[in-house]
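Trainee: Got a minute to walk through this one with me? I'd like to start with the aromatics.

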Amino acid sequence: MAGKLMHALQYSKYGGGADGLKHVEVPVPTPHKDEILLKLEATSINPVDWKIQKGGLRPLFPRKFPHIPGTDVAGEVFEVGPGVKNFKVGDKVVAKISLDVGGGLAEFAVSKESLTVARPPEVSAVEASALPVAGLTAHQALTQPAGIKLDGSGKQANILITAASGGVGHLAVQLAKLGNTHVTATCGARNIEFVKSLGADEVLDYRTPEGAALKSPSGRKYDAVIHCATGIPWSTFEPNLSENGKVIDITPGPNAFLTFAVKKVTCSKKQLIPLFLSPKAENLDYLLKLVQERKLKVVIDSQHPLSKAEDAWARSISGRATGKIIVEP
Ligand SMILES: NC(=O)c1ccc[n+]([C@@H]2O[C@H](COP(=O)([O-])OP(=O)(O)OC[C@H]3O[C@@H](n4cnc5c(N)ncnc54)[C@H](OP(=O)(O)O)[C@@H]3O)[C@@H](O)[C@H]2O)c1
């Protein structure tokens, strides 16, 4: 593929939103040692993609420019690096590319073998591409800090999931219900029936006073909150938590880190835990199997061709997605 060009979208500075993405033709990347060149079939967008472009996460994810964003990809193996053992040309796969590397808004991208997983034929490329960041974050939050056993064997737990209509939230509701849980969820009024259909036991409209207060309609106190929305202070969570209740905050800002520290230092039983995704191939494989067995439904907000990927970017920035936003080359 040396010297062959491909279509891609890249940005060359911080800021600019969807207008900052430029259509370019660049060389197809070359897979090194343990890397796989994928001919892409679908890429899903995550809010972190445009948050990095915005510049707010600069200390955590400094950017080298120009940068082709996109980390959650499904495609066909086109070429393998010399150290790749488990994949061959023609295999259908899904991969989580690191945020430093990106490359998903393009016709081809390179993934590490260690975060590449075979895609079963029953799972579409679109469904598979929706899983890496959103599915793995939901899985990690529920199984690790919240301690939910997804085979249903654990003791009963009351869970609150905020922004349950979004990319992470809609998967978190379904995964939580595989465990022994009672799920309360928050979303906008237009998505209440949708979130109930995912299995939530009770749903609050976040724009009502009860929803803003996160009060369980059945009076339950939460053992764990999977917090996928933003801007809710600890003082709102605190009265709704059980004695040892935890808020697992996947959108932690400075106040969350302060609360985390204070709760630790004071040995508080109620805790706030900031969570950052630590992706694992075995968990991606587990999620793919759930989709294959139709125990987990991937909901697609919208699909956009690569030639209009800036629309997908703008849709994600709007914060209005119901499920996942997909770009297809
Ligand atoms: N820590 C990590 O490793 C990690 C991993 C993945 C994601 N995240 C972060 O987690 C957040 C969620 O990600 P996502 O992909 O699920 O986002 P998303 O798909 O863009 O979420 C959009 C949905 O959130 C709903 N929503 C917005 N504010 C809400 C509120 N206050 N209460 C209830 N629902 C609300 C919206 O409903 P309406 O349209 O009705 O307002 C919309 O359906 C993002 O900030 C993302 O950056 C962090």
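Trainee: Which residues form one aromatic cluster with Y11?

Mentor: Y14 and F65 join Y11 in that cluster. Keep in mind that this is a predicted model.

Trainee: And what sits over the ring of Y14?

Mentor: That's R58: its charged end is 3.9 Å from the centre of the Y14 ring.

Trainee: How many aromatic pairs does a search of the whole structure find?

Mentor: Four aromatic pairs turn up. One of them is F78 with F108, an edge-to-face pair with the ring centres 5.1 Å apart and 70° between the planes. That pair links distant parts of the chain, with F78 in strand β4 and F108 in strand β6, 30 residues apart.

Trainee: F108 first: why does it count as buried?

Mentor: Because its relative accessibility is 6%, and buried means under 20%.

Trainee: Then why is F78 put down as partly exposed?

Mentor: F78 has 33% relative accessibility, so it counts as partly exposed. That class runs between the 20% limit for buried and the 50% limit for exposed.

Trainee: Switching topic: where is T71?

Mentor: T71 is in the loop between α1 (47-54) and β4 (72-80).

Trainee: Is T71 buried or exposed?

Mentor: Buried, because its relative accessible area is 1% and the cut-off for buried is under 20%.

Trainee: What is T71 in contact with, neighbours within four places in sequence aside?

Mentor: Its contacts there are N46, D49, V133 and the run of A95, K96, I97, S98 and L99. The T71 side chain also makes a polar contact with the side chain of D72, at 2.8 Å.

Trainee: How far apart are T71 and I52?

Mentor: They're 12 Å apart in space, C-alpha to C-alpha, and 19 residues apart in sequence.

Trainee: OK, on to the ligand. Which residues come nearest to the ligand?

Mentor: K51, R190, Y206, R320 and A321, out of 25 residues around the ligand.

Trainee: What about polar side chains, say Y206?

Mentor: An N or O atom in the Y206 side chain is 2.4 Å from a ligand oxygen. For S165, the side-chain N or O atom is 2.7 Å from an oxygen of the ligand. R207 has a polar side-chain atom 3.4 Å from a ligand oxygen.

Trainee: How much of the ligand's accessible area does the protein cover?

Mentor: It covers 87% of the 940 Å² that the ligand has on its own. The elements giving two or more residues to the shell around the ligand are α1, α3, α4 and β9.

Trainee: Since α4 is on that list, how many of its residues are buried?

Mentor: Ten of the twelve residues in α4 (167-178) are buried, so "mostly covered" is the right description. Among the buried ones are H170, L171 and Q174.

Trainee: And what covers the buried residues of α4?

Mentor: The cover includes helices α3, α5 and α9, along with strands β8, β9 and β15.

Definitions and conventions:
Residues numbered from 1 in each chain as written. Predicted model: local features only at pLDDT ≥ 70, side-chain atom pairs only at ≥ 80, totals over all residues. Heavy atoms only, no water. Buried < 20%, exposed > 50% of the residue type's maximum accessible area, 1.4 Å probe, protein only. Helix = DSSP H or I, 4+ residues; strand = E, 2+ residues; numbered from the N terminus. Contact = heavy atoms within 4.5 Å. Polar contact = N/O pair within 3.5 Å; in protein donor to acceptor, adjacent residues only side chain to side chain. Phe/Tyr/Trp six-rings, centres within 6.5 Å; stacked < 30°, edge-to-face > 60°. Lys NZ or Arg CZ within 6 Å of the ring centre and 35° of its normal. Near = heavy atom within 4 Å. Areas by Shrake-Rupley, 256 points an atom, 1.4 Å probe, with all protein chains shown as cover.
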